[in-house]
Amino acid sequence: MSLVNETKFSSAVFLLTGIPGQEDVHLWISIPFCIMYIISILGNSVIMIIIKTDPRLHEPMYIFLSMLAITDLGLSISTMLTTLDIFLLNSREISLDACFAQLFFIHLFECIESSVLLLMAFDRFIAICDPLRYASILTLPRIGKMGLVCVLRGAAAMLPLPLLLQQFRYCRSNVLSHSYCINEEVMKMACSDIRVNSIYGFSVTLLTEGLDSLLIFLSYVMILKTVLSVTSNAECLRALNTCVSHLCAVLIFYTPMIGLSVVHRFGEGSSPLLQIILGYISLLVPPLMNPIVYSVKSKHLRERILRVFIK
């Protein structure tokens, strides 16, 4: 019996899920997904190239934006293959190793994006609260080190997730509720004791995305305090206007992510469709909307993008 179980485990696969009950129209559903992925990849790639090639955009705010674009690009690519495989080809199987690799990269890019949003909040905080020291604090070498720390922090925090999952035996249902693998769901497929994995995953979430969101909130409290002390209404509005794009990016990223985390951990009786929708929103909408939001709000970036497409 032990030999049989080990054989089943070594050849086991997970079955990914598109939208339950809508299998007959998956091909039609694939159209908006393809459009979203194309816009995300094209939009973030264009922003990266423009910022790299235009010396006028070699400023801290735009360099952080290019970091966000790289992260969004990685997040889109991490989910694209399995999602389109399901809706276009009805290919649901994914091996354990491929699943573990995918969930590592998904959580890695989510963690990096959270860190980059924190750096962008710090950028706005320095620009508004201490503008005279802005250039001396946010130098290019220092920004490069900040970006490296974001990557190393994400890798160090997320690498144990697949390593812990590899220690488990999977003898329960192998059907996942999303078209991609995430830690919160995969660990529930194990027939082993998952308390360590659950505690570690929750702790990492609190110490990365949770801590980042708290620090972003505190930075905006300080920004608001500084702005409200300005006597001129015009200057006050101008200062706040520089934060609108970042606030939109923060809300787009954290709102569905927090909702999905709550549903996965505490919403056992919640609708499966709600989990699926929140899952797609949390991973597809930020890479889709961030280039649009920043292109609309940034005059220099918008002009360069229009010059690329309208010659």
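Guide: Helices here are DSSP runs of H or I with at least four residues, numbered from the N terminus. The model is a predicted one, in which local features need pLDDT of at least 70 and side-chain atom pairs count only at pLDDT 80 or more, while totals for chains, interfaces and linings use all residues. Residues are numbered from 1 along each chain as its sequence is written, and side-chain values use heavy atoms, with hydrogens and water left out.

Visitor: Which helix gives the most to the lining of the second largest pocket?

Guide: The second largest pocket (an open set of 1 Å grid points where a 1.4 Å probe fits, with protein on both sides within 12 Å along at least five of seven lines) has 20 lining residues, each with an atom within 4 Å of a point. Helices α3 (60-89), α4 (96-129), α10 (233-241), α11 (244-266), α12 (272-297) and α13 each supply at least two of the lining residues. With four residues, the helix that gives the most is α3.

Visitor: Which residues of α13 make the contact with α2?

Guide: Helix α2 (residues 26-53) and helix α13 (residues 299-309) pack at about 105°, with their axes, fitted to C-alpha atoms over the stretch in contact, 10 Å apart. The two are therefore roughly perpendicular (65 to 115 degrees). On the α2 side, the contact (heavy atoms within 4.5 Å) is made by Val46, Ile47, Ile50, Ile51 and Thr53, and on the α13 side by Leu301, Arg304, Ile305, Val308 and Phe309.

Visitor: At roughly what angle do the axes of α4 and α12 cross?

Guide: Ile106, Glu110, Glu113 and Met120 of α4 make the contact with Leu283, Pro286, Asn290 and Tyr294 of α12. The axes of α4 and α12 come within 12 Å, and the angle at which they cross is roughly 35°.

Conventions:
Axes are lines fitted to C-alpha atoms, for helices over the stretch in contact, and angles run from 0 to 180 degrees between N-to-C directions. Angles under 35 degrees count as roughly parallel, over 145 as roughly antiparallel, 65 to 115 as roughly perpendicular and the rest as oblique.
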